[in-house]
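Thanks for making time this morning. I would like to walk you slowly through a structure that most of you will not have seen before, so please bring it up on your screens.

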Amino acid sequence: MCGIVGLFLKDKSLEPKLGEMLTAMLITMTDRGPDSAGIAIYGGESKGRTKMTVQSDTPETAFDGLEAALSEAAGGPVSMAVKSTHAILDIPAGSTAKVRAALDDLNIRVMSRGDSLEIYKEVGLPKDVAAQFDLSAMSGTHGIGHTRMATESAVTTMGAHPFNTGDDQCLVHNGSLSNHNSLRRKLRREGIHIETENDTEVGAAYLTWQMQNGATLGEALTSSLDDLDGFFTFVVGTKDGFGVVRDPIACKPAVMAETDQYVAFGSEYRALVDLPGIESARVWEPEPATVYFWSHTDAPSATEKAA
C-alpha cells in the first residue's frame with residue numbers, strides 16, 4: 001500500500017517550516033504504511049563541503065571516535081552531528097569515496113550522500129520516527145517522505161524508504177514491481193550495489209544505472225515506463241527539486257497541489273489539507289506515463305509527456 005508525501009517550496013519564508021509541514025503530511029499517511037517511515041530533506045549546503053547521512057543500530061559504540069577515524073581517511077576534518085541512530089557527517093568535498101570505504105570497514109550504514117541531502121528512516125509508526133529525529137524542527141527547500149506497508153520484503157531500517165540513488169538524489173515508491181528479481185540480478189552484474197530485497201531499491205538502482213550510462217533523470221524516468229513491469233508511482237528528490245512519474249495504468253492513488261508558495265504531492269488529498277492556502281491551490285491528479293519535474297534552477301514548474 002504505502003504512502004508518499006512531497007513538498008517543494010517556492011517561497012523562502014516557508015523554509016523554516018518545511019520539516020513541520022512534511023511531518024504533518026507524513027503522519028496523515030500512517031494507515032497507508034505503519035511499518036516504517038522515512039524522510040529526505042534538502043538544505044544546509046556549505047561551500048567546499050559535502051554530507052553523508054549514516055546509521056547504526058548501536059550508535060553509542062559505533063559513533064564513538066568516528067570523527068577522528070574518518071578525518072584520517074578523508075585527509076581533512078570531518079565533523080558529526082548525531083541524531084538518535086543516525087548521524088550527519090560534514091566531510092571535505094571530493095572525499096566521499098574514501099569516507100564510504102572507511103564506513104564499510106566499520107560496518108556503518110550509509111543512508112545518503114550529497115551536498116544538501118539528508119535521509120532519516122527507521123522501523124516504527126510515522127509519528128514515532130518523526131519524533132525520534134525531531135523532523136518537525138528541520139528546515140530546508142524541499143523534501144519527500146514515505147510510510148511503508150511491507151509486502152515483498154522484511155520490515156527493516158534498510159528496507160524503509162527513501163532510497164539514495166546518487167549524489168543528492170533519492171526515490172520513494174508506492175506500488176509493486178513484478179520483474180525486480182531479474183532486474184536486480186542484471187544490475188548487480190553491471191556492478192550496481194544493491195543491499196536489500198526491496199523492489200523499490202531495484203527501482204532506485206535502475207535510475208542510477210541509467211544515469212551512469214548517460215541518461216538524464218528525465219530520460220531515466222521515461223525509460224522506467226518500458227523497463228519496469230508492475231504498477232508504481234515514483235517521487236524522486238534531487239538537489240534542485242523533485243519529480244513524479246506514474247506507470248501507464250496509474251492504478252495507485254496520487255494527487256498534487258500547486259500555489260505560488262509550493263508544489264505538494266500526496267498519495268491522498270487528506271495529506272495536503274493542512275497546507276497554507278490549499279483552498280485556493282490548483283489541485284490535480286498526475287497523468288499516467290508522464291514525467292513531472294519542478295526545479296529551483298529552471299521555471300517554477302514543468303511537465304514532460306512521456307512516450
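**From a surface strand to the cores**

Let me begin with Val 283, which sits in strand β15, the strand made of residues 282–284. Before I go further, please keep in mind that what you have in front of you is a predicted model.

Is Val 283 buried, exposed or partly exposed? Its relative accessible area is 38%, and because that value falls between the 20% and 50% cut-offs, Val 283 counts as partly exposed. Together with Tyr 269 and Val 273, Val 283 makes a nonpolar surface patch of about 230 Å².

Now let us turn to the interior. Which residues touch the most other members of the largest nonpolar core? That core has 29 residues, and the ones in question are Leu 7, Met 25, Tyr 120, Tyr 262, Leu 272 and Leu 275. Two or more residues are given to this core by each of β1 (3–9), α1 (18–28), β2 (36–42), α5, β13 (255–258) and β14 (262–266), and the largest share, five residues, comes from α1.

If you would like to follow one member of this core, I suggest Leu 272. Setting aside its neighbours within four places in sequence, Leu 272 is in contact with Met 25, Val 255, Met 256, Ala 257, Ala 264, Phe 265, Gly 266 and Ile 278. There is also a second, separate core, which has 24 residues and includes Leu 187, Tyr 206, Leu 217 and Ala 289.

I will finish with the backbone, where three places deserve a careful look. At Asp 134, in the loop between α5 (126–133) and β8, phi is positive, at about 50 degrees, although this residue is not a glycine. Asp 134 has 46% relative accessibility and therefore counts as partly exposed.

Asp 168, in the loop between β9 and β10 (169–177), likewise has a positive phi, here of about 60 degrees, without being a glycine. Is Asp 168 buried or exposed? With a relative accessible area of 5%, which is under the 20% cut-off, Asp 168 is buried.

The last place is Pro 162, which you will find in the loop between β8 (142–148) and β9 (163–166). The peptide bond that leads from His 161 into Pro 162 is cis, with omega near 5 degrees.

How values were computed
Residues are numbered from 1 along each chain as its sequence is written. This is a predicted model: local features need pLDDT of at least 70, side-chain atom pairs count only at pLDDT 80 or more; totals for chains, interfaces and linings use all residues. Side-chain values use heavy atoms; hydrogens and water are left out. Helices (H or I, at least four residues) and strands (E, at least two) are DSSP runs, numbered from the N terminus. Buried means under 20% relative accessible area, exposed over 50%, partly exposed in between (1.4 Å probe, protein chains only). A nonpolar core is a set of buried Ala, Val, Leu, Ile, Met, Phe, Trp, Tyr and Cys residues joined through side-chain atoms within 4.5 Å. Contact means heavy atoms within 4.5 Å. Patches are made of residues with over 30% relative accessible area and no salt bridge: like charges are joined within 9 Å, nonpolar side chains (Val, Leu, Ile, Met, Phe, Trp, Tyr) within 5 Å. Accessible areas come from the Shrake-Rupley method with a 1.4 Å probe; for residues, only the protein chains shown count as cover. A salt bridge is a side-chain nitrogen of Lys or Arg within 4 Å of a carboxyl oxygen of Asp or Glu.
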